[in-house]
Each structure stands twice: as C-alpha cells, then as structure tokens.
Amino acid sequence: MRERKSKVIEIVLLGVLGALALLCLAAPQLFRDRKQLQLLSISVLLRDTDTSGWTVARQGMEQAADELDAELRFLTLTTYSDGAEQEELLLRELDGGADGLVLVPADPIALPAALLQRTNTCPVVTLESAMDGSAGTVSPDNVQLGRQLAQALLEDWDGGTVLLVNSAPGCTGVTERIQAAQQTLEGENVPTKRVRDLPQSGPEERWVMTFDASSTQHTAERKVTEEFSFALYGVGSSTAITAQLEQGTISAVAAWSDYAAGYLAVRQTVEQVRGTGEELAPLPFSILRKEDIYAPENQKLLFPIMSSSGR
C-alpha cells in the first residue's frame with residue numbers, strides 16, 4: 001500500500017513539474033504577444049519625397065516610440081509638397097486603423113476638411129505648421145525665426161534685392177517665416193522679391209533666403225554645382241546643411257534640434273492617444289554662422305548622436 005502511494009505521489013509530482021516546464025516555455029511568447037497587442041500604431045506623413053532630410057528627426061521619433069510602446073510607419077510623397085496626394089495618404093491611414101498621426105502638412109488649410117470626412121479620426125500632431133483640429137504642433141516660433149534670419153542678412157547686406165524662395169506655398173509655417181522676414185527687410189528699406197524656386201539660369205540677385213530645410217539643402221547644392229555666387233540664408237540643422245554652412249556655401253541658418261522635434265512629436269501623439277497630452281511650447285532655435293558650429297552650446301543641436309554617445 002505504501003509503495004503504491006509513493007508511486008501515485010511520484011506521478012503527481014512529475015505531472016506538476018511537466019506542467020511548470022510547459023508554462024515556462026510558453027510564458028515568454030504569451031508576454032511577447034500581449035506586448036505586441038498593446039503597441040500603438042503611429043503613421044508619420046512627410047511632405048518630402050524621401051526621408052533623407054529627416055534622418056535625425058526620425059531617430060528622435062524612433063527613440064520615443066521605443067520608450068512609449070509604439071510602432072512607426074513612415075510615408076513620403078511622390079511629388080514634393082503635393083497636398084492632394086498627402087490628403088489621400090492621410091485618409092488611407094485613418095481607414096487602416098492608425099492610432100495616431102504625425103504630419104508635416106503640405107496644405108494645413110485643406111487637410112482639416114479631409115479629417116472631417118471620417119468619423120474614425122485619431123490624434124494628429126503636426127510638425128512645422130499649425131493645423132486646425134490638431135492635437136499640437138512641434139515647431140519653433142515661425143514669426144520670430146523669420147525676423148531673426150532677416151536680421152542676420154541685414155548684418156551683411158550692402159545693397160541689392162533679396163530673393164525670398166517660397167518652395168512650399170501651401171505650408172502656413174513656411175509662409176509665416178517668409179512674411180516676417182519680408183516685413184523685417186522692407187522695414188529697413190531692403191527690396192525683396194518672392195519666387196517659387198531659383199531660375200534655371202540662376203538668380204540675378206546677390207542675396208537669397210530659403211525657409212525650410214529641403215529648400216535650403218537643394219539651393220545650397222545648386223549653388224555649388226552651378227557655381228552661383230549669391231549669399232544664402234536658410235533653415236535646418238541636418239548633416240548636409242551643417243557641412244554647407246561650414247564650407248561657407250550658406251552664410252547663416254536658423255537651426256533647432258531635429259532630434260528633439262521628432263521625439264516630441266511622437267511623444268505628444270502617444271500621450272494624446274492615451275489622454276495624457278499637454279500643450280507644447282515652441283522649440284528653441286538659434287541663428288548660426290560658420291564660426292558658431294563647434295561652440296559647446298551647439299554640439300547637441302548639430303551633432304545630437306555624437307553628443308549623446310560621448311556622455
């Protein structure tokens with residue numbers, strides 16, 4: 001009897017141990033599946049045709065997504081700043097079940113009407129331009145940026161018309177920068193002229209201003225390859241723009257942390273989805289010239305990855 005009882009106990013113990021072993025094998029997968037189910041799906045809609053100019057901002061976005069349990073889907077346009085195409089992508093992402101959207105709006109005036117076409121809306125956070133119905137905007141103070149960039153040009157100006165390149169006429173943030181710069185220049189009796197892009201043969205004017213990073217990089221590249229001699233004042237802190245500033249191709253830029261902008265945009269979107277978002281303050285920016293690049297206070301601004309790895 002005692003021997004039979006021992007065998008029963010032994011069988012029960014083996015069964016319990018076997019069940020525990022199976023549970024240990026299955027538990028990690030169960031927890032992984034559970035975590036996957038909790039991930040928020042955030043779509044990032046740019047107004048550029050590729051993400052090359054958004055490399056550092058994307059790193060900030062991915063850092064925030066990793067910390068806040070979100071996954072990102074990046075979408076670009078086939079034609080630069082095409083508002084109609086971006087509207088189509090936005091509606092597709094809404095219909096596809098995106099939990100939130102980060103948007104660099106090509107046409108922030110028309111897009112709110114597109115959002116009203118759907119009942120399945122989600123929080124939308126914009127970069128660069130404010131938009132009606134958005135859950136926040138990550139951008140410097142565009143009016144102050146335009147004024148201060150114009151002041152940098154005035155320090156160098158010795159006569160002649162200033163060409164103001166408006167590469168994204170539907171973008172209200174860029175328009176605010178241009179208007180503020182134009183008012184500042186004309187207030188000092190400096191003649192100005194607005195254009196959509198540089199003439200194919202190059203500008204007659206000796207002074208050129210651009211007001212978004214893509215336009216600044218494109219204009220700087222043309223200045224080098226086509227050997228134009230105008231002075232260029234622009235916007236941006238990408239590696240390519242910083243290199244052009246260092247080489248003297250660009251005289252001055254308005255720069256802010258793209259990494260911080262990307263991080264804040266995704267964080268604000270996730271927090272709005274979860275009902276915890278707060279109002280965003282304008283991003284701090286600086287007007288930089290060649291001699292300012294390696295100043296200690298500008299290291300994290302222009303070289304955020306190198307600065308963080310050196311800590």
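This is a short dialogue on reading pockets, backbone angles and a buried charge in a predicted model.

Student: Let's start with empty space. How much of it lies in the largest pocket?

Tutor: The general idea is that rolling a probe the size of a water molecule over the atoms shows where empty space is left. Here, the largest pocket holds about 660 Å³. Its lining has 37 residues, and Asp-48, Asp-212, Ala-213, Ser-214 and Ser-215 are the closest to its centre.

Student: Which elements give two or more residues to that lining?

Tutor: Those are α7 (213-225) and α9 (258-273). The largest share, 6 residues, comes from α7. Sorted by class, you get 14 nonpolar, 13 polar and 10 charged residues in the lining.

Student: Now the backbone. What should I look for in phi?

Tutor: Most residues other than glycine have a negative phi. Ser-81 has a positive one, near 55°, and sits in the loop between β2 (70-75) and α3 (83-95). Asn-189 is also positive, near 60°, in the loop between α6 and β7 (192-195).

Student: Is each one buried or exposed?

Tutor: Ser-81 counts as buried because its relative accessibility is 14%. Asn-189, at 68%, counts as exposed.

Student: And the buried charge: where is Arg-177 found?

Tutor: Look in helix α6 (residues 172-187). Arg-177 is buried yet has no salt bridge; Glu-128, the nearest side chain of opposite charge, is 4.0 Å away.

Student: What is Arg-177 in contact with, leaving aside neighbours within four places in sequence?

Tutor: Its contacts include Glu-128, Ser-139, Asn-142, Phe-211, Asp-212 and Trp-256. You've met Asp-212 already, among the residues closest to the pocket centre.

How values were computed. Residues numbered from 1 in each chain as written. Predicted model: local features only at pLDDT ≥ 70, side-chain atom pairs only at ≥ 80, totals over all residues. Heavy atoms only, no water. Helix = DSSP H or I, 4+ residues; strand = E, 2+ residues; numbered from the N terminus. Buried < 20%, exposed > 50% of the residue type's maximum accessible area, 1.4 Å probe, protein only. Lys, Arg positive; Asp, Glu negative; His and termini not counted. Contact = heavy atoms within 4.5 Å. 1 Å grid on protein atoms, 1.4 Å probe; cavity = no way out; pocket = protein on both sides within 12 Å on 5 of 7 lines; lining within 4 Å. Points joined across faces, edges and corners; volume = space filled by probe spheres on them. Nonpolar A, V, L, I, M, F, W, Y, C, P; charged D, E, K, R; others polar.
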